[in-house]
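Visitor: Please take a close look at one pair of neighbouring strands, and then work outwards from there to the rest of the chain.

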Amino acid sequence: MKLEMRWAKTRFAPTIILAFFLTLSACAGDPLVGPIGNNVAGPISIALDQASQRAYLLNSDLTAEYSDASMMVLDISTPTAPKLLTKTGNPLIIPSLSGEVFFDPAQQLLFFPNRFSKNKADVIDSLFVVDVNESGNFANAKQFDSGPNPFGLICCDANDQILVTSDGFLQVFPRTDPAAGFEVSLEITLSGGSKINGDGTTRVTILGNQAFLSNRGGIVYVINLEKINSGDNPIDYAITNMQDLRGITTDGTYIYVADVAFNKNDSSYIRVIDPASVPPIATVSSAVVDVDITDTRDVNGNMIPVEKSELDLGSNSEPTETLVFGSKLYVADIDQNVVYKITISNPASLSIDTDLVAGDQPFGLAADTFGSQNLLYVTNLMSDDVTIIDIGADQVVGRFP
């Protein structure tokens, strides 16, 4: 059988467990073809390093085409024509179903979560840390325990810590000592009495001393990073009354989150959240403030809407990953097979510049400037390739493989 990588668009009650790729986790490892070898299969995330002319691509084998997945190092000395780096240990074979990837140039290390498990009851997954120093111990991989179904990853907060989302927990790993990692429970009770267990929390971004976590039950957790290892409750707010939240990012002032419709005929949105409406709470409290996305907050005597604006993407849209690069927001839509290029110079009124054509089910996004070109790399889950788009000219200029 070939498993299609799709999330069910069903209305979820906040108390229902939202298992991320759980069915695929149970089936991965039942090979159709055999070892992945040098093949691209379900590329889910990519990191770019312009200085070393390298790209780091994670193949998650989401459709169970092979018995395993891989991490590939690509030579991007010609950025529009990547090629697999010829080096022993490349590609590195890893278990299926990885998440977002971060490259640490200072340590020459690659960090990514991995949630492979044949056993649905297995709640211990991993953070992989891979040495990609080509003059050192290349492809040496270490694993550190993570919570169940880890996916989102960002580096770093003010204390040089990597944050990883998993079902029910925010995992915190010191960048230089991941073995000293710890977790923050995302189980909360809303003001109306509803209990939220945190399952289905999949993405994270950092702005100042706050972390914003998107949850597939329509909630954004707002976490005070100064309190995550203090013994106090670090969750200050739960922003509610949205649908199925995916990618979340920031331009340094506002938070942008993709909100997917529960039903095909309803609209999906890009929502803009004003962090000034949910400032860090300094006082110690076990309570979590329940904030409706439509609320207007009285902050220091000022009425500030929680939602600065929203961009209606229409029906049959499934926005997933998000990326801010320059003055634009890029959003991959795996249903429409495009990447939206969105002007955010006025966050109170977003507008789509154009739909950038990608492959089949575009997902992971990364961008950088190479000479005179600003290039966007898009991983395509179902066409098993990477599309390279010149976002100055708005045209495809390369592919891998």
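**Strands 29 and 30, and beyond**

Guide: Strand 29 (residues 338–343) and strand 30 run antiparallel and are joined by 6 bridges. Strands here are DSSP runs of E of at least two residues, helices are runs of H or I of at least four residues, and both are numbered from the N terminus. Two strands count as paired if DSSP finds at least two bridges between them. One of the matched positions is T343, whose bridge partner in strand 30 is S351.

Before going further, note that this is a predicted model, in which local features need pLDDT of at least 70, side-chain atom pairs count only at pLDDT 80 or more, and totals for chains, interfaces and linings use all residues. Residues are numbered from 1 along each chain as its sequence is written, and side-chain values use heavy atoms, with hydrogens and water left out.

The pair belongs to an open sheet of 4 strands, ordered 27-28-29-30 with antiparallel pairing. Strand 27 and strand 30 (351–357) are the edge strands, each pairing on one side only. From one strand to the next, the twist averages 25 degrees; the angle is taken between N-to-C directions of axes, which are lines fitted to C-alpha atoms (for helices over the stretch in contact), on a scale from 0 to 180 degrees. In general, strands of a sheet pair through backbone hydrogen bonds, either parallel or antiparallel.

Further along the chain there is an open sheet of 4 strands with the order 31-32-33-34, and its pairing is antiparallel. Strand 31 (362–370) and strand 34 (395–400) stand at its edges with a single partner strand each, so one side of each has no neighbour in the sheet. The twist in this sheet averages 25 degrees from one strand to the next. Strand 33 (residues 385–390) pairs with strand 34 in the antiparallel sense over 5 bridges, and I389 has V396 as its bridge partner in strand 34.

Back at strand 27, a side-chain contact leads away from the sheet. R203 and E321 meet through their side chains in a salt bridge (2.5 Å, N to O). This pair links distant parts of the chain, with R203 in strand 16 and E321 in strand 27 (residues 319–325), 118 residues apart. A salt bridge here is a side-chain nitrogen of Lys or Arg within 4 Å of a carboxyl oxygen of Asp or Glu. Both R203 and E321 are buried, where buried means under 20% relative accessible area, exposed means over 50%, and partly exposed lies in between (1.4 Å probe, protein chains only).

R203 also forms a salt bridge with the side chain of E100 (3.9 Å, N to O). Here R203 lies in strand 16 (residues 201–207) and E100 in the loop between strand 5 (92–94) and strand 6 (102–104), 103 residues apart, so this pair too links distant parts of the chain. R203 counts as buried because its relative accessible area is 1%; E100 counts as buried because its value is 15%.

Another salt bridge joins R246 and D244, whose closest N and O atoms are 3.1 Å apart. R246 has a relative accessible area of 0% and is buried, and D244, at 1%, is buried as well. Salt bridges with shared partners join R216, D244, R246 and E318 into one network. Over the whole structure, the search finds 16 salt bridges.

The same kind of search finds 1 disulfide, defined as a pair of cysteine sulfur atoms within 2.5 Å. C155 and C156 form it, with their sulfur atoms 1.5 Å apart. The torsion about their S-S bond is about -40 degrees, so the disulfide is left-handed. C155 is partly exposed at 22% relative accessibility, and C156 is partly exposed at 25%.

As for the whole, the protein chain has 1 helix and 34 strands, and 60% of its 401 residues count as buried. Of its contacts (heavy atoms within 4.5 Å) between residues at least 6 apart in sequence, 50% join residues at least 24 apart. The mean pLDDT, the predictor's confidence in each residue from 0 to 100, is 90, and 90% of the residues reach 70 or more. Over residues 1–29, pLDDT stays under 50, and the model has 83 contacts beyond four places in sequence for them. Where pLDDT is low, the predicted coordinates should not be read in detail.
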